[in-house]
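Morning, everyone. I have one structure to walk through today. Let me put it up.

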Amino acid sequence: MTNHQKLTAWVDEMVRLCKPDRVVWCDGSEDEKRRLTADALRSGDLEELNQEKLPGCYLHHSALNDVARTEHLTYICTPTKDETGPTNNWMEPGEAYRTLGGLFDGSMKGRTMYVVPFVMGPARSPFSKVVVELTDSLYVALNIRIISRMGKVALDMLGETGEFTKALHSKGDLDMARRFICHFPQDNTIWSIGSGYGGNALLGKKCMALRIASCLGRQEGWLAEHMLIVGIENPKGETSYVAAAFPSACGKTNLAMLVPPASLPGYKIWTVGDDIAWLRIGPDGRLWAINPEAGFFGVAPGTNKKSNPNALATVQKNSIYTNVALLPDKTVWWEGMDGAPPEKCLDWKNEPWTPASKEKAAHPNSRFTAPASQCPSISPEWENPAGVPITAIIFGGRRSQTIPLVFESFNWQHGVFVGATMSSETTAAAIGAVGVVRRDPMAMLPFCGYNMGDYLSHWIGMGDKIKHPPKIFNVNWFRTGPDGKFLWPGFGDNLRVLLWILDRCEGRGPAVKTPIGLIPTPDALNLTGLNIDPEALRTLLHVDRAAWQAELDDQKTFFNKLGDRMSPVLTNEHAALSQRLRNA
Ligand code: OXD
Ligand code: MN
């Protein structure tokens, strides 16, 4: 299938290591999809769903201990620990190759190795990169087929000498004690063993498109970010694009597919990407973004007609569901779906479930994998090889207190500081306690492939190179009142905040200057048709000095943790914020 000698030599070497019974090169054809799906049904990797109601859809149950990313088992393997930095786990490359080499040795005996070449980014885009993943998981091969451009297209792009990321994956024995996800930026290589879960096993996604790509971006002068990309079309038919970073399971997919409220007629939202953005400086001096993925690997629970009708429409065909509940008619269900819970179903562990059951029917991190092309709001520009020009960058986290609904940074440097001090309450997307506030710069804490201090300096440095930089904003949809309920309606009404952001980018939109940034005056947001308590709005736009003092202290603790690689520009921004709060 290829005359790329380095590729075939590497595959041969990995075959000698893993010792599969068979090696299958994937070409991405429909015929191959039919064959692989039939094999997956036979092996139990997939279960067929109701083909009348959900054509081309299948269900996958993962191992019970393999339902989310395992950050504590994820390593960056650089020659020195300093290059990896204090926020990543580090393993010396020689030791990592030895340890994992021992586990990969013979790991595919009795199994098939799938050679899965794919492009991250639109075909023929100078932004795009090729990855070849070797995996013993049919589920992984079939998922990659959905979330990337897989098969011949990638080999064609590689030609005989092209560069590619070498990604080796084996389920191993799925035991957490023998699970490692290792990245070798200096070798453009990823080795992952012991997990079949998306973020640990679909190596093009978090491992390549964020961790390895962030290293490539630093070398080559661009940014690989955990951001959605969305176009907002106004009633005049003009579209502006924004990129927004939120930690996992904070509603990126919902924002990317937002449906405008009926009370704001004439607006349209165009989805370019829901999770990852690669941003480069264009010939016009603006920042341009592509979505390196071709599909969505979204969190299912909470997806319903109100929160995300576009996602719901997207997943009605050709989709793989993971760890959702199965209804008697072989359709699927999860908590937060429209209507009453089913009287009975099989839960994500394949056990009988009724509304009286104590456990959730769908795992809180259950997922759908669906082709982006099926999304009703998919942007006509989503595969444009040049990407889309970015007018605003938005950072946001899940914070029940302190952080206002929206504020604008004073300039690029202050905006980078706002991103660097992002924080969020943890979710089920990663193993560990849920609901704990953690600092998560640019939502990249688990995904930055090198020293976080250097990463933040790279952001500062990019500002010097972008002639027309986007304005930078912060949002928080998750602020709660004394009763614990959200103060802001969220979902489609988030458009009201996006419209203020775009107004600001066009030099309009009233704002008040506060120590933390520019905040909309209460009448600056278009609230037509929204019934919101004025007191709730006041709280949403209020800067509580005492709470911000505590915030400053926590930011400082985090910056100190980043050590001597921390950008002095950002420590100065911290001091300036402290001063502004004192003077206020
Ligand atoms: C994801 C994540 O899967 O961020 O997108 O965990
Ligand atoms: Mn994500």
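One term before we start: a polar contact is a pair of N or O atoms within 3.5 Å. Keep that cut-off in mind for the ligand. And please note that this is a predicted model.

So, ligand 1. A polar side-chain atom of arginine 69 sits 3.0 Å from one of the ligand's oxygen atoms. That is within the 3.5 Å cut-off. Histidine 226 also places a polar side-chain atom by an oxygen of ligand 1, at 3.3 Å. For serine 248, the distance from a polar side-chain atom to a ligand oxygen is 2.5 Å.

Which residues are around ligand 1? Arg69, His226 and Ser248 are on the list, as you would expect from those distances. Lys205, Lys206 and Arg367 are there too. So are Asp275, Phe297, Ala429 and Phe447.

Now the domains. The assignment splits the chain into domain 1, at 5-45 + 69-221, domain 2, at 225-295 + 379-583, and domain 3, at 296-374.

I want to look at domain 1 against domain 3. Their centres, taken over C-alpha atoms, are 28 Å apart. Domain 1 brings 11 residues to the contact, and domain 3 brings 10.

How much area is buried between domain 1 and domain 3? About 790 Å², with carbon and sulfur atoms giving 64% of it. On the domain 1 side, the residues that lose the most area to domain 3 are Tyr139, Ile146 and Tyr197. Together they make up 56% of what that side buries.

What about charge pairing? Between domain 1 and domain 3, the count of salt bridges is zero. Polar contacts do turn up: four residue pairs across that interface, with both residues at pLDDT 80 or more.

Next, the helices. H5, at 138-147, and H7, at 198-201, each supply at least two residues to the side of domain 1 that touches domain 3. H5 gives the most, with five residues. By class, that side of domain 1 has six nonpolar, three polar and two charged residues.

To recap: arginine 69, at 3.0 Å from a ligand oxygen, and a domain 1 to domain 3 interface with zero salt bridges. Thanks. Over to you.

Methods
Residues are numbered from 1 along each chain as its sequence is written. Chains are lettered from A and ligands numbered from 1 in the order in which they are written. This is a predicted model: local features need pLDDT of at least 70, side-chain atom pairs count only at pLDDT 80 or more; totals for chains, interfaces and linings use all residues. Side-chain values use heavy atoms; hydrogens and water are left out. Domain bounds come from an automatic or database domain assignment. Contact means heavy atoms within 4.5 Å. Buried area is the accessible area (1.4 Å probe) that two parts lose on being put together, summed over both. A salt bridge is a side-chain nitrogen of Lys or Arg within 4 Å of a carboxyl oxygen of Asp or Glu. A polar contact is a pair of N or O atoms within 3.5 Å; within protein, one must be able to donate a hydrogen and the other to accept it, and residues adjacent in sequence count only if both atoms are side-chain atoms. Helices (H or I, at least four residues) and strands (E, at least two) are DSSP runs, numbered from the N terminus. Ala, Val, Leu, Ile, Met, Phe, Trp, Tyr, Cys and Pro count as nonpolar, Asp, Glu, Lys and Arg as charged, and the others, Gly among them, as polar. A residue is near a molecule or strand if one of its heavy atoms lies within 4 Å of it.
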